[in-house]
Amino acid sequence: MKKILRILPWCFLALFAMEIVGVLMPKKDGVFHLREFGRLPVLLNGRVQPFDSVGHNSLLQIRSTSDVPIEDVPAWKFWHHPKKLKSTEWLLEVMCQPDQADNRLIFLVHNPDLIGDLKLADKSGDKSKLSYNSGLSYYSFNELKPVLPEIIEQTRKAAAVDDQARSSMQRQVVKLGNAIEIYKSLKFTLRPPGVDDFSAELQDDIRPAIDPGVNAVMAKRDGKEYDKAAFNRIAQIAESFDQLRQEPGAGQLYPLVVPPEDPKKTPDDWGNIGAGVIDSIHEGDIFPPLGWLAEAATAYRDVNPAGFNEAVDAYTQWLQKNMPVELAKGRHEFFFNDMKPFLHAIIIYIMAFILTGGSLLTFGVFPNLSESLRRSAFYLIILAGIVHTFGLGFRMYLEGRPPVTNLYSSAIFIGWGAMILGLVLERVYRLGIGNAVASLAGFVTLLIAQNLAVGGDTMEMMRAVLDTNFWLATHVVVVTLGYASTFVAGLLAVIYIVLGVFTPKLSQKLTKGDAVALSLAVGAAGGSRAGIKTAKNLESQVGQVELGKALSKMVYAIVCFATLFSFVGTVLGGIWADQSWGRFWGWDPKENGALIIVLWNATILHARWGGMVRERGLMNMAIIGNIVTSWSWFGVNMLGIGLHSYGFMDAAFHWLVAFIGSQIILITLGLLPPHYW
């Protein structure tokens, strides 16, 4: 049994490491080279990104998922996942096979009042549909088409209302109206409205009209006789495609798929297909990338894999020669989307947390098993941390920015910082508490980030006032580390109160069995000398170390760290504000939130130094730190006022209130008289 427990951590590590290796293995394309198409770059939201990201982010805004289930599976068959269209495949279907795409259930409408107003079928109670859709009302474009005028009118009225004054129904109709506009724009990304075969129109209609039309225009300009039919034809083409280029719907820069004709001179001068045709007329021939995109669209519509793959390969070769940086950017972001590092990190963090729970439950009772589970969790957290760090670093590479640029990236970074602090605590104390902090914080913050990503592109361009890598790398990183460490202290305090109220483990002392198990573990990992040394150190503490006192020391150390980083980060923010707005401090809600964190952490330290609080008081104050920090992180943004409200998320209000309520309950438990513990 001892041998099994000794190798168990390595078995867990090998299992999840194999899963990560499997994710990194090269994947083959099918009959259609969809993955190669998904890597092709476009310009959207002011940045170059692949087609795959366009589909991925569009689906998140429209459906709140990154794929589309296309198979009916009863909800009770939980082991059978329905077949799904991935983001690139769905995007191609919308652009090239709109009649089929219009029947997909992609529009989420969950407000019962809006469903009633629009006279839509209520699907929320239908449990026999897709397992992913059970209890949710998804509608197709064809189902919404009869009520589009009503949706547009209600969207116009709701948009005129201030964000804070909108009802839940008005917020839902604005989101639905925006989703429909995105969908309609995507439908005309690779073809003009009313044209099924854009490739044939380019080759058979527009190309033959260019030379005689341009000659007629030049002759008329010079006052010579000209071919009126040719002149009228080219004028008609130019007018229709110029309107497409400027139209608020299909021409709203969503997305720009035609690269500039001279990338070296105008690398950011991308256009839609309307701009591509106008530029082709000016140049006297169809711009090759426009022709290849049209050929790919027609071939996909006609289910012609050879034609589709040939067009994609030809365009890829052109990009490799003329725009290698943009092509590489598209490939790298596609790899990042395909790997989904944060999702895999979440899975590993959850498993590590489960193992940590088992370790804590068996602590002092089955020491060998407890230590084996603790080491298993520790190794898995290291693996999850590597994946987490890779994802964080790869995002920095793709954006060319420091790690924190918006609410989404702040959640990722706070989780990363908490994970590092948890690993350090576990390395020092080896009690499983650091594992609990690292795994829970990593899982929860990445889950928050996943929900924040529903808003769309998480790598959007920075606002002008924030567009400085120096301050993003100093003030934002430092103050975010202050957030992370304050949350870690609060999480340790939560563990203290839960263990104290519901278990007798806070006063449980380290036993000789624990010391032997820990020393054997260290010896197995680092050699017999390390094991002997650790055994001596631990045996000297037998009967002396209490879990409660260890937690108290951890919280105190983390609060010291949090106070320093919060203070320094706030001062750096003031210097940045002075450079940006001409004043160091303006009592802005976000500035006040940052100051409250500093003052509260300082209050905790002074209360402890002055003897005003002991262990339980320290823990309760640390949990109040969770409330203070969550308000500064999310709450002040929900006010919708101030210079710092860049990440407004009214949808998170109920979750914030629920979190604060849970912390108040824990504080109440922490105030119970000792005999109830």
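These are my notebook entries on what I looked up in this predicted model.

**Entry 1: the whole protein**

I started with the overall counts. The protein has 26 helices and 6 strands. Of its 677 residues, 52% are buried. I also looked up the accessible surface, which is about 31,000 Å², with 62% of that belonging to carbon and sulfur atoms. Then I checked contacts with a separation of 6 or more: 75% of them are between residues 24 or more positions apart.

**Entry 2: helix α3**

Next I picked helix α3, residues 51-63. Does its length fit its residue count? I'd rather ask it this way: what span should 13 residues give at 1.5 Å a residue? The expected figure is 18 Å, and the end C-alpha atoms are 18 Å apart, so the two agree. I then asked how many residues of α3 are buried. The count is 12 of 13, so I wrote "mostly covered" beside it. Among the buried ones are F51, V54, G55, S58, L59 and I62. Right after the helix comes S64, and its phi is positive, near 65°.

**Entry 3: the nonpolar cores**

I went looking for the largest nonpolar core and found 81 residues in it, with W90 and F107 touching the most other members. Helix α9 (residues 168-187) gives the most to this core, 9 residues. A second, separate core has 55 residues, including F342, Y379, M459 and I597. In general, nonpolar side chains in soluble globular proteins tend to be buried together.

Which residues does W90 touch, leaving out those up to four places away in sequence? My list reads G55, S58, L59, I62, V68, L85, I106, Y183 and L186. G55, S58, L59 and I62 are also on my list of buried residues in α3.

**Entry 4: salt bridges**

The structure holds 24 salt bridges. I looked at three pairs and one network.

- E36 pairs with R331, and the closest N and O atoms are 2.6 Å apart. E36 sits in helix α2 and R331 in helix α15, 295 residues apart. E36 counts as buried because its relative accessibility is 15%, under the 20% cut-off. R331 is partly exposed at 29%.
- D67 pairs with K84 at 3.6 Å between the closest N and O atoms. D67 is in the loop between α3 and β3, while K84 is in strand β4, 17 residues apart. D67 is buried at 14%, and K84 is partly exposed at 34%.
- E93 pairs with R104, with 2.9 Å between the closest N and O atoms. E93 belongs to helix α4 and R104 to the loop between α5 and β5. Buried or exposed? Both E93 and R104 are buried.
- R47, K329, E333 and D457 are linked in a network of salt bridges.

**Entry 5: helix α23**

I compared two residues of helix α23, V571 and T563. V571 is partly exposed, with a relative accessible area of 30%. T563 counts as buried at 13%. Not counting residues up to four places away in sequence, T563 touches N601, A602 and L605.

V571 also turned up in a nonpolar surface patch of about 490 Å², together with L564, F567, V568, I575 and F584. Residues three or four places apart on an α-helix point the same way, because there are 3.6 residues a turn.

**Entry 6: the end of the chain**

Last, I checked P674, in the segment after α26. P674 counts as exposed, at 58% relative accessibility. Its C-alpha atom is 9.6 Å from that of R616, and the two residues are 58 apart along the chain.

Definitions and conventions. Residues numbered from 1 in each chain as written. Predicted model: local features only at pLDDT ≥ 70, side-chain atom pairs only at ≥ 80, totals over all residues. Heavy atoms only, no water. Patch = residues over 30% accessible without salt bridge, like charges linked within 9 Å, V, L, I, M, F, W, Y side chains within 5 Å. Areas by Shrake-Rupley, 256 points an atom, 1.4 Å probe, with all protein chains shown as cover. Salt bridge = Lys/Arg side-chain N within 4 Å of Asp/Glu carboxyl O. Helix = DSSP H or I, 4+ residues; strand = E, 2+ residues; numbered from the N terminus. Buried < 20%, exposed > 50% of the residue type's maximum accessible area, 1.4 Å probe, protein only. Expected span 1.5 Å × (residues − 1). Core = buried A, V, L, I, M, F, W, Y, C linked by side-chain atoms within 4.5 Å. Contact = heavy atoms within 4.5 Å.
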